[in-house]
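Colleague: Could you take me through this model in questions and answers, with each term explained where it comes up?

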Amino acid sequence: MPLSEYLLRLGDDRLILGHRLSEWCGHGPILEEDIALANMALDLVGQANLFLELAGKAEGQGKSADSLAYFREAIEFRNALIVELPRGDFAFTTARQFLVSVFEMLHLEKLQSSAHSDLAGIAAKAFKETRYHARHSADWMLKLGDGTADSHTRVQNAVNELWRFTGELFEVDDVERDLVTEGIATDRSALREPWRSEVTRVLHAATLTVPDDGFMQRGGREGRHTEHLGLLLAEMQIVARSFPGAEW
Amino acid sequence: MRAREEYWAAVGAVLDPEVPVLSVIDLGIVRDMREERGTVVVDVTPTYSGCPAMQTIEHDIVEALEKAGAPRVVVNTIFQPAWTTDWISADAKERLRAYGIAPPSGTAAVATELIPLQRRQDIITCPHCGSRNTERRSEFGSTACKAIYYCAGCAEPFEYFKPL
């Protein structure tokens, strides 16, 4: 059970973030960025598919990645809250992508040496993809932070608003503690300092301020979500639920 | 037992639907192929996690093998080692260039700095005119594996198969 639970977390973080990014398709600020956002969404949904497929196998009840994605309720999702927040403006989407991608890059880099060989292989592939996401969103942090007064204010506000959702990314609970001991999972708490130093370096170069740590929101890993997840799922799941078993 | 040569030849004729000058063997997607009691087992590894061409590729591999006489085909997805553009041969890179896509330059070796702020841009040669006066417009292009570049020499955009 802990393994399938862990894999659900890995899969759900990517599925929900990928869906949020896909909402930009056709609405990007410039054509190149529209394409970039859709490409990152595709990578994330692809990674989610691989992790959820493994989660289904680990659970052993014959569930496919599709059935996990489309036929679970909000309380059964295990993603961190930060990925389900509405996409906001381009500054908000960029700031979230940056904060999460830097975390995932550090996380996946370690997960490549997991004792679980399929998990390690998927992580190795996802790591390389995520490096591009982190670099790309860091470039935009520099452009927006060190850009106009308006872009600076918007991206600083976005970082301030998102900060209280970052603590959850580093939480280790009983589910993960044993898997860490077995060499299967990565110890997220050990990533906090490297993350902070990467994020600080980029924010400072972007003339932005690193917020102080205060109260941190949590609950996604236990299925306690914001109201935004339900709305997202309604849209994401409606076709599969209206036409069960349909293929195209 | 290693699969017989005609099966390898059949799979070698399966092209990437997005980049139809490279076969699935040129790309390094097919890792192994063997015969086990009448069944042809093909080990494939995905390129990008979300690459939509993978499904088509698997379907095309099965079809090609069945046409070549394979009684039963099983496509097995493997994840280790993770796919890299370093597996694309020099000859295949030249075909990419001739097709109008700049091939991956250098190796996909991991940089020491995770997010380089002062990014050294590799000079990517324009596949159309050979000019080195080019610049990156976006790291993401028409497919996950390509970036968009612009050539100041011939004033044309082009795609770059990025190292992974």
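Modeller: We can start where the chains meet: 19 residues of chain B are in contact with 29 residues of chain A, where contact means that the C-beta atoms of two residues, placed from the backbone, lie within 7 Å. This is a predicted model, in which local features need pLDDT of at least 70 and side-chain atom pairs count only at pLDDT 80 or more, while totals for chains, interfaces and linings use all residues. Residues are numbered from 1 along each chain as its sequence is written, and chains are lettered from A and ligands numbered from 1 in the order in which they are written.

Colleague: On the side of chain B that touches chain A, how many residues are nonpolar?

Modeller: Ala, Val, Leu, Ile, Met, Phe, Trp, Tyr, Cys and Pro count as nonpolar, Asp, Glu, Lys and Arg as charged, and the others, Gly among them, as polar. By these classes, that side of chain B has five polar and two charged residues, and its nonpolar residues number twelve.

Colleague: In what order do helices and strands follow one another in chain B?

Modeller: Helices (H or I, at least four residues) and strands (E, at least two) are DSSP runs, numbered from the N terminus. Chain B has three helices and seven strands, and along the sequence their pattern reads α-β-β-α-β-α-β-β-β-β.

Colleague: What share of the residues of chain B is buried?

Modeller: A residue is buried if 20 or more other C-beta atoms lie within 10 Å of its own, exposed if 12 or fewer, and partly exposed in between, with the C-beta atoms placed from the backbone. Chain B has 164 residues, and the share of them that counts as buried is 35%.

Colleague: Are H1(B) and H2(B) roughly parallel or oblique to each other?

Modeller: Helix H1 (residues 5-12) of chain B packs against helix H2 (residues 53-67) of chain B at an angle of about 140°, with the axes 9 Å apart; axes are lines fitted to C-alpha atoms, for helices over the stretch in contact, and angles run from 0 to 180 degrees between N-to-C directions. Angles under 35 degrees count as roughly parallel, over 145 as roughly antiparallel, 65 to 115 as roughly perpendicular and the rest as oblique. The angle between H1(B) and H2(B) therefore makes the pair oblique.

Colleague: Which residues of H2(B) does H1(B) meet?

Modeller: From H1(B), the residues taking part are B:Tyr7, B:Ala10 and B:Val11. By class, this contact has six nonpolar, no polar and one charged residues. On the H2(B) side, the residues met are B:Ile61, B:Ala64, B:Leu65 and B:Lys67.

Colleague: Turning to chain A, is A:Leu17 buried or exposed?

Modeller: A:Leu17 lies in helix H1 (residues 2-22) of chain A, and, not counting residues up to four places away in sequence, A:Leu17 touches A:Leu44, A:Val83 and A:Val100. Because A:Leu17 has 27 C-beta neighbours inside 10 Å, it counts as buried.

Colleague: And how does A:Leu231 count by the same rule?

Modeller: A:Leu231 belongs to helix H9 (residues 227-242) of chain A, and its C-alpha atom is separated by 9.4 Å from that of A:Ala74, 157 residues apart along the chain. Since A:Leu231 has 13 C-beta neighbours inside 10 Å, it counts as partly exposed.

Colleague: How is H1(A) oriented to H7(A)?

Modeller: The angle between H1(A) and helix H7 (residues 174-181) of chain A is about 105°, and their axes are 9 Å apart. That angle makes the two helices roughly perpendicular.

Colleague: How far does H5(A) reach from its first C-alpha to its last?

Modeller: The expected span of a helix is 1.5 Å times one less than its number of residues. For the 29 residues of helix H5 (residues 117-145) of chain A, 42 Å is expected, and the reach is close to that, at 40 Å.

Colleague: Why can H5(A) be called largely enclosed by the rest of the structure?

Modeller: The reason lies in the count of its buried residues. H5(A) is largely enclosed because, of its 29 residues, the number buried is 23.

Colleague: What is the handedness of the crossing between H4(A) and H5(A)?

Modeller: H4(A) is mostly covered, with 19 of its 22 residues buried, and it packs against H5(A) at about 145°, with the axes 7 Å apart. A crossing is left-handed if the near helix is turned anticlockwise from the far one by less than a right angle, and right-handed if clockwise. The crossing of H4(A) with H5(A) is left-handed.
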